[in-house]
Structures are given as C-alpha cells and as structure tokens.
Amino acid sequence: MAPVAIAAETHAPVFNKKRDGHALEELSDAIDEVNILKANMKQEEKGLYEESEFDKNKDKTAFRQYEDACDRVKNFYREQHTKQTVAYNLKARHEFHSKTRAELTVWEAMEKLNTLIDESDPDTSLSQIEHLLQSAEAIRRDGKPRWMQLTGLIHDLGKLLFFFDAQGQWDVVGDTFPVGCGFDERIIYGRESFKDNEDFEHPVYDTKFGIYSPGCGLDKVMLSWGHDEYLYHIAKEQSTLPDEALAMIRYHSFYPWHNAGAYHELMNDHDKEMLRAVKAFNPYDLYSKSDGIPSAEELKPYYMELINEYFPNKVIRW
Ligand SMILES: O[C@H]1[C@H](O)[C@@H](O)[C@H](O)[C@@H](O)[C@H]1O
Ligand SMILES: [Fe+2]
Ligand SMILES: [Fe+2]
C-alpha cells in the first residue's frame, strides 16, 4: 500500500496551510468580535447614591497608613507641605492659563502617563493606566452611571502635568489642601509638617478663614496646585461631564475635606451636594488599588466609546 493511502484511512490531522490557515483567521476574528460585543453590552444603571457592593469586603485599615509609610512618601509630603504656598499657587494658575502644553486624545494621554510611578502613594506601585482602569472597572462592575465610569477612567490624568510644567512630583500628586487659609491639623502629618512653608504662621494666610470668608464656596478657594485642579479645568472646558463628575475630579485628593471633615465652614450649598458625590466616588479610587490588573487592550473598545460620548473633540488641548 502506498503511504498516502494510510494517512487518509487513519484520518491523521494533516494541516493544510491554505485551507486551515484561513479558517483559523476567521475563527480568531469571530472571537474578537464576541469580546467587543461583550464589552459593549450596556448594563442596567444604578443611581450614583445607591448602595455599593464594591468595598464591602475590603480591609479598610490596610490603606492610607501614613505613619507606617516608607521614606519615599514621608519625604514627598515634607517637600510638598514646604513648597505649596499662595505665591506658588498664583504662579502655577497663571502659567496654566497661558498656553496649551500638548494636543493628545484621552487614550494617548493615558498611555503617556504610563511611565509615572506616584511617589506620594503608599498603597500602589502600579502604573497610572492600571490604576485608572482598576477604578473605572470597579465603578462599572457596580453598575454605576456611564459618566462616573468615565470619571474613574480619567480622574488622575491630570498627572500629565509631571511631563510639562511641573517642578517635581510635589506640584502634581498627593492629597490637596487650601492655601490662603490656615493649615489644618487633619492634613496628612499635621500642621507641624508645614513649619518650613513661608505661609506658616502668616498673619493672614494661616488664620481660620485667611483670604476667604465663611460659606464663600469652594469655587473661590485655591486648592494646592496639582493633578486635580489641572484636570478639572480641562474637563470643565472640553467635556460634557456633569457637575458631580467635575467635583469628583477637582476634590478627589482633598481628603482633609471629604474624609476628615476639615474646611466645611468654607462650603456653600452646592458644595454640600458635591461632597456627597465625591464621597460616593472615593472608595472606587482608593480600594480598587488591591484589585487585579485589568488588560488595557481588551478594555479599550468599551472605554473609547465612553470617551467619545463625553469629549466631543477627539483631540484634547492639555
Ligand atoms: O497619593 C495619592 C495619589 O497621588 C492620588 O492620585 C491622589 O488622588 C491621592 O489623594 C493621594 O493620596
Ligand atoms: Fe488622584
Ligand atoms: Fe486615583
């Protein structure tokens, strides 16, 4: 018997490159399509303030332990609390409004951020794109509104500042606090950590209301300059995100306010409503840091659609 006939009788799986290669390609295209459809399936949306499942099983005592933090974090805050002054704040705001630093899509901005490791953060050493996707995915899994999922995805994009006008990380990352009124004990490492700041014990800037007045509203208050303030201005001008989203962006690092209850006497009625929104956002930012690492490539189609929904111009002026 000829060898060819034996192969045919035993049905040996002979790979035919032309025929089978094509079938494999089609199969892999079909799998890609199913994945994209799955990612795009719109879930039932829950309300912003509806009870959340997300942080129920998180050990909250495992986060933000600043007394036990490493020197990298302690040194960061010593420098930040020394250099964030009224004078610097005015200068940084002026510089911000004076030019466009770059033109990038939201996704390109996320990719650019990928090399930055945040020195102020005791809870994660992941790259920023991973942290952004973790936050967005936690919000999405909980069925929260689409605009909030997008807010999770972009909330730290202001850290791009580091690649533009920043003087280090101290004017980009870390918790925020007001300048121009008294440094509150509830800021990380307390008042003592401001002793080398030129505004410390200043006759106006370091008094309870300083340059502000009771109930004046946080819009009038200069928060220390960094990623929140920077992205807030960009999102306010270039997106259609609602006020709650803008507040989540502007105040998410203002822990002395949203977490420790400081500076409440500066709030107006609108701020009281916004405080609820910021508090609803916070667990997804903080506790998602211990979740698994999401795959940017797989999630990209879903989030691209969200980005296009709220940023009418594809290219953002940074
Ligand atoms: O270290 C972190 C980090 O920089 C975050 O992006 C910021 O939002 C937090 O407030 C801060 O504690
Ligand atoms: Fe942040
Ligand atoms: Fe964050």
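**Entry 1. Ligand 1 and its cavity**

I began with the cavities, and the largest one is the space taken by ligand 1. I note here that the model is predicted. I then listed the surroundings of ligand 1 and found 15 residues. The closest are Asp118, Ser120, Lys159, Asp175 and Ser253. Sorted by class, this shell holds 6 charged, 5 polar and 4 nonpolar residues.

**Entry 2. Polar contacts of ligand 1**

I looked up which side chains face oxygen atoms of ligand 1. For Asp175, an N or O atom of the side chain is 2.7 Å from a ligand 1 oxygen. Asp156 places a polar side-chain atom 3.2 Å from an oxygen of ligand 1. His227 also has a polar side-chain atom 3.2 Å from a ligand 1 oxygen. I then checked the area: ligand 1 taken alone exposes 300 Å², and the protein buries 97% of that.

**Entry 3. The iron ion, ligand 3**

Which residues coordinate the iron ion (ligand 3)? I found His131 and His155, each through NE2, and Asp156 and Asp285, each through OD. The distances run from 2.2 to 2.3 Å. I checked the geometry next: the angles among the 4 donor atoms span 86 to 173°, and the site is irregular. The angle test for a tetrahedral site asks that all angles lie between 85 and 135 degrees, so the upper value of 173° rules that label out. Along the chain, the donors of ligand 3 are spaced H-x23-H-D-x128-D.

**Entry 4. The iron ion, ligand 2**

I listed the protein donors of the iron ion (ligand 2) as Asp156 (OD), His227 (NE2) and His252 (NE2). These lie 2.0 to 2.2 Å from the ion. Their spacing in sequence reads D-x70-H-x24-H.

**Entry 5. Asp156 and His227 again**

What bridges the two iron ions, ligand 2 and ligand 3? I found that Asp156 does, with the ions 3.7 Å apart. Asp156 thus came up in the ligand 1 entry as well, through its 3.2 Å contact. His227 is likewise a donor to ligand 2 and has a polar side-chain atom 3.2 Å from an oxygen of ligand 1.

Definitions and conventions:
Residues numbered from 1 in each chain as written. Chains lettered and ligands numbered in written order. Predicted model: local features only at pLDDT ≥ 70, side-chain atom pairs only at ≥ 80, totals over all residues. Heavy atoms only, no water. Near = heavy atom within 4 Å. Polar contact = N/O pair within 3.5 Å; in protein donor to acceptor, adjacent residues only side chain to side chain. Areas by Shrake-Rupley, 256 points an atom, 1.4 Å probe, with all protein chains shown as cover. 1 Å grid on protein atoms, 1.4 Å probe; cavity = no way out; pocket = protein on both sides within 12 Å on 5 of 7 lines; lining within 4 Å. Sits in = over half its atoms within 2 Å of the grid points. Nonpolar A, V, L, I, M, F, W, Y, C, P; charged D, E, K, R; others polar. Donors = N, O, S within 2.8 Å, 3.2 Å for Na, K, Ca; no water. Tetrahedral: all angles 85-135°; square planar, octahedral: opposite > 155°, others 65-115°.
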